[in-house]
Amino acid sequence: MTANNLHENPFKLFLKVLVTIIACLAIAIVLYGCASKPIENTHTIERIIEHRTDSIKETQVNKAILDSLVIQIAKVKTAKPECDSITQATLNQVLKQLNSRKKSGDNEAGIYYDELKNQIITWQKLAETYSEKTAKNKENTIIKVEKQIVKIPVKYVPWWVEYLAYLGAATLLFVAYRILRIWI
């Protein structure tokens with residue numbers, strides 16, 4: 001090409017520049033699509049918290065109790081026999097007043113004087129009792145697991161994509177050759 005040819009046909013020059021720019025852009029797009037992907041990092045933190053509660057229950061049952069106490073009262077004997085009857089009568093009168101009974105729920109207790117048998121009798125009736133013991137065992141477990149997963153993409157290009165890429169490059173070269181042949 002000479003300087004005169006450039007001034008004579010500016011449209012040809014514009015088309016050559018335009019075709020060159022389009023060819024460069026096409027090559028850049030093709031090469032950008034083939035570039036490998038960046039490595040992806042994935043960081044995962046798992047936190048597992050476990051709560052366990054075990055309990056042991058122990059129950060003890062005590063059976064009911066019926067108990068009594070009998071106290072035999074003997075005849076009064078003093079140094080003077082004439083005083084024995086007076087003292088015995090006073091003692092019997094005091095013991096007749098001995099009569100008490102308490103009740104709470106299923107439990108009872110009492111005391112009284114039996115004049116015919118000449119005895120003081122105390123009695124108790126206790127219901128069943130329950131004793132419960134509960135033992136708890138608590139266990140907290142915290143497990144912290146850190147995982148780092150690195151994904152590396154594998155570059156895989158199917159055969160038909162490669163074939164089409166070569167065919168496209170050959171077509172571009174052929175079109176560029178034909179256009180350049182017309183103007184040169």
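This report describes the fold of one protein chain, beginning with the whole and then turning to its sheet, its hairpins and one of its helices.

The structure is a predicted model, in which local features need pLDDT of at least 70 and side-chain atom pairs count only at pLDDT 80 or more, while totals for chains, interfaces and linings use all residues. Residues are numbered from 1 along each chain as its sequence is written, and side-chain values use heavy atoms, with hydrogens and water left out.

## The chain as a whole

The chain contains four helices and six strands, where helices (H or I, at least four residues) and strands (E, at least two) are DSSP runs numbered from the N terminus. Read from the N terminus, these elements follow one another as α-α-β-β-α-β-β-β-β-α. Of the 184 residues in the chain, 8% are buried; here buried means under 20% relative accessible area, exposed means over 50%, and partly exposed lies in between, with a 1.4 Å probe and protein chains only. The surface that the chain exposes comes to about 16200 Å², and carbon and sulfur atoms supply 61% of it; such areas come from the Shrake-Rupley method with a 1.4 Å probe, and for residues only the protein chains shown count as cover. A contact means heavy atoms within 4.5 Å, and among the contacts in the chain between residues at least 6 apart in sequence, 67% join residues at least 24 apart.

## The sheet

Four of the strands form an open sheet in the order β2-β5-β4-β3, with antiparallel pairing; two strands pair if DSSP finds at least two bridges between them. Because β2 (65–72) and β3 (99–104) stand at the edges with a single partner strand each, one side of each is left without a neighbour in the sheet. From one strand to the next, the twist averages 10°, an angle between N-to-C directions that runs from 0 to 180 degrees, with axes that are lines fitted to C-alpha atoms, for helices over the stretch in contact. The table sets out the antiparallel pairs.

| Strand pair | Number of bridges | Bridge partners, one example |
|---|---|---|
| β2 and β5 | eight bridges | Ile-71 and Ile-120 |
| β4 and β5 | seven bridges | Tyr-112 and Ile-121 |
| β3 and β4 | six bridges | Ser-104 and Asn-107 |

Strand β4 covers residues 107–114 and strand β5 covers residues 119–126, and another of their bridges places Ile-111 opposite Thr-122 in β5. In a regular strand the side chains alternate between the two faces of the sheet. Edge strand β3 is hardly covered, since the count of buried residues among its six residues is zero.

## The two hairpins

Strands β3 and β4 form a hairpin with two residues between them, and Gly-105 in the turn has a positive phi of about 65°. The hairpin of β4 and β5 has four residues between the strands. Asn-118 lies in the loop of this second hairpin, between β4 and β5, and has a positive phi of about 60° although it is not a glycine. With a relative accessible area of 12%, Asn-118 is buried. Gln-119, which is found in strand β5, also counts as buried, because its relative accessibility is 15%. Apart from neighbours within four places in sequence, Gln-119 is in contact with Val-70, Ile-71, Gln-72, Tyr-112, Tyr-113 and Asp-114.

## Helix α3

Helix α3 (residues 81–96) has 16 residues, which at 1.5 Å a residue should span 22 Å, and its end C-alpha atoms are 23 Å apart, which agrees; the expected span is 1.5 Å times one less than the number of residues. In this helix, Asp-84, Gln-88 and Leu-95 are buried. Seen down the axis of α3, its buried residues fall within an arc of 40°, so they line one face of the helix; the arc is that of the directions from the helix axis to the C-beta atoms. An α-helix has 3.6 residues a turn, so residues three or four places apart point the same way. What covers the buried residues of α3 includes β4 and β5, whereas the face turned away from the buried side carries the exposed residues Glu-82, Ile-86, Gln-93 and Val-94. One of these, Gln-93, is exposed with a relative accessible area of 53%. The C-alpha atoms of Gln-93 and Glu-115, which are 22 residues apart along the chain, are separated by 9.9 Å.
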